[in-house]
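Me: I would like a close look at the surroundings of the ligand in this model. Please take me through that part with care, and then outward into the rest of the protein.

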Amino acid sequence: MQPAIAVRELTKNYNEGTSGTVALRGVDLDVHAGELVLLMGPSGSGKTTLLSIMGCILSATSGSVRIAGKEVTCLSQKLLPAIRLEHIGFVFQGFNLFPTLTASENVELMLDLKRVPKKEAKRRAHELLDQVGLSDKYDSFPADLSGGQKQRVAIARALAGDPEIVLADEPTAALDSHTGRSVMEMMRDLAHDRGRAVVIVTHDSRVLEFADRSIRIEDGLIVQPPYGKPPVAVGAEVLTQHFVGAPSLPAFGRGGI
Ligand code: ADP
Ligand code: MG
């Protein structure tokens, strides 16, 4: 089966020509339908850049990204939004809700773009807000919602077009432990029960228990994930001990965020 997302030798150099910042230095990554993949790494390592290129929000400097088998890297900026609309739900780190629209209207907007009739869009927006536990907030404006509630509106909006790929940038960062857990459960169900490809950028190790795979990025390159790494043969005793079982991680609901 072809991957939902296939990334090859991807590089990104911001402000080329001037001094520039090399944010990605040759990334290879496949994400399949039905899996939840975490993208972890220190601040400034290139997580948001990689997610944004996979989400057709940002163009790469070189390399290739295929979405559902379609090469998108060479597409003009004009064509990328159509690919995004068709295949991708993106949850931004800062929510990116429209402040003058209600929670429901923020979700309906996405359905409008997909030419869903207004009445049906409203019905579907309410259904999505119900799913994220915001049945009583249809008509609230973002300013009147907590961080967790805004995050959940952003998730409802990302899911509105029923995308086969869901990308989320630090979706639990602003959430309390209970909400963080329910957001991650929702993301896991999307992957496992509905066959979506889900990629989540995080630096919160408490979400590890929800992941099928975690990938670590440092200085714009994917490095081996430390958990489950096979022991090295030479000097094995020391190394094996080091990698027997994942280190115990604090979990949502136990330690709190
Ligand atoms: P992360 O999400 O892992 O914190 P980013 O992808 O945001 O990392 O950033 C990777 C590198 O690219 C950093 O050095 C950052 O300063 C730089 N960078 C990110 N966005 C821009 C931009 N719009 N213009 C210039 N440099 C940027
Ligand atoms: Mg980031």
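Reply: What follows starts at the ligand and works outward through the protein.

The model is a predicted one, and every distance and area below is computed from its atoms. The shell around ligand 1 is made up of Tyr14, Asn15, Thr21, Ala23, Pro42, Ser43, Gly44, Ser45, Gly46, Lys47, Thr48 and Thr49. By character, these residues divide into three nonpolar, eight polar and one charged. Two elements, strand S2 (21-31) and helix H1 (47-54), each contribute at least two residues to the shell, and the largest share, three residues, is that of H1.

Three polar approaches to oxygen atoms of the ligand can be described individually. Gly44 takes part through its backbone, where an N or O atom lies 2.7 Å from an oxygen atom of ligand 1. Lys47, by contrast, takes part through its side chain, a polar atom of which lies 2.8 Å from an oxygen atom of the ligand. In Thr48, an N or O atom of the side chain is likewise 2.8 Å from an oxygen atom of ligand 1. As for the cover that the ligand receives, ligand 1 taken alone exposes 560 Å², and the protein buries 61% of that area.

A lysine in strand S1 (residues 5-14) connects with this region. Lys12 is found in that strand, and with a relative accessibility of 11% it counts as buried, because the cut-off for a buried residue is under 20%. A polar atom of the Lys12 side chain lies 2.9 Å from the backbone oxygen of Ser59. If its neighbours within four places in sequence are left aside, Lys12 is in contact with Thr21, Val22, Ala23, Leu24, Thr49, Ile53, Leu58, Ser59, Ala60 and Thr61. Among the residues that Lys12 contacts are Thr21, Ala23 and Thr49, which also belong to the shell around ligand 1.

Beyond H1, the chain passes through a loop that leads to S4, and Cys56 lies in that loop. Cys56 has a phi near 60°, a positive value in a residue other than glycine, and Cys56 is buried, with a relative accessible area of 2%. A second residue of this kind is Glu170, which lies in the loop between S7 and helix H6 (177-192). Its phi is near 50°, again positive in a residue other than glycine, and at 7% relative accessibility Glu170 counts as buried.

Helix H2 (residues 80-87) can be described by the side that it turns inward. Its buried residues are Leu80, Ile83 and His87. These residues cover an arc of only 60° around the axis, so they lie on the same side of H2. In general, an α-helix has 3.6 residues a turn, so residues three or four places apart point the same way. The cover over the buried residues of H2 includes strand S4 (62-67), strand S5 (70-71), strand S6 (88-91) and strand S7 (165-169).

These parts belong to a protein with seven helices and ten strands, in which buried residues make up 44% of the 257 residues. Of the contacts between residues at least 6 apart in sequence, 71% join residues at least 24 apart. The accessible surface of the protein comes to about 12,700 Å², and 52% of that surface belongs to carbon and sulfur atoms.

Note on methods
Residues are numbered from 1 along each chain as its sequence is written. Chains are lettered from A and ligands numbered from 1 in the order in which they are written. This is a predicted model: local features need pLDDT of at least 70, side-chain atom pairs count only at pLDDT 80 or more; totals for chains, interfaces and linings use all residues. Side-chain values use heavy atoms; hydrogens and water are left out. A residue is near a molecule or strand if one of its heavy atoms lies within 4 Å of it. A polar contact is a pair of N or O atoms within 3.5 Å; within protein, one must be able to donate a hydrogen and the other to accept it, and residues adjacent in sequence count only if both atoms are side-chain atoms. Accessible areas come from the Shrake-Rupley method with a 1.4 Å probe; for residues, only the protein chains shown count as cover. Helices (H or I, at least four residues) and strands (E, at least two) are DSSP runs, numbered from the N terminus. Ala, Val, Leu, Ile, Met, Phe, Trp, Tyr, Cys and Pro count as nonpolar, Asp, Glu, Lys and Arg as charged, and the others, Gly among them, as polar. Buried means under 20% relative accessible area, exposed over 50%, partly exposed in between (1.4 Å probe, protein chains only). Contact means heavy atoms within 4.5 Å. The arc is that of the directions from the helix axis to the C-beta atoms.
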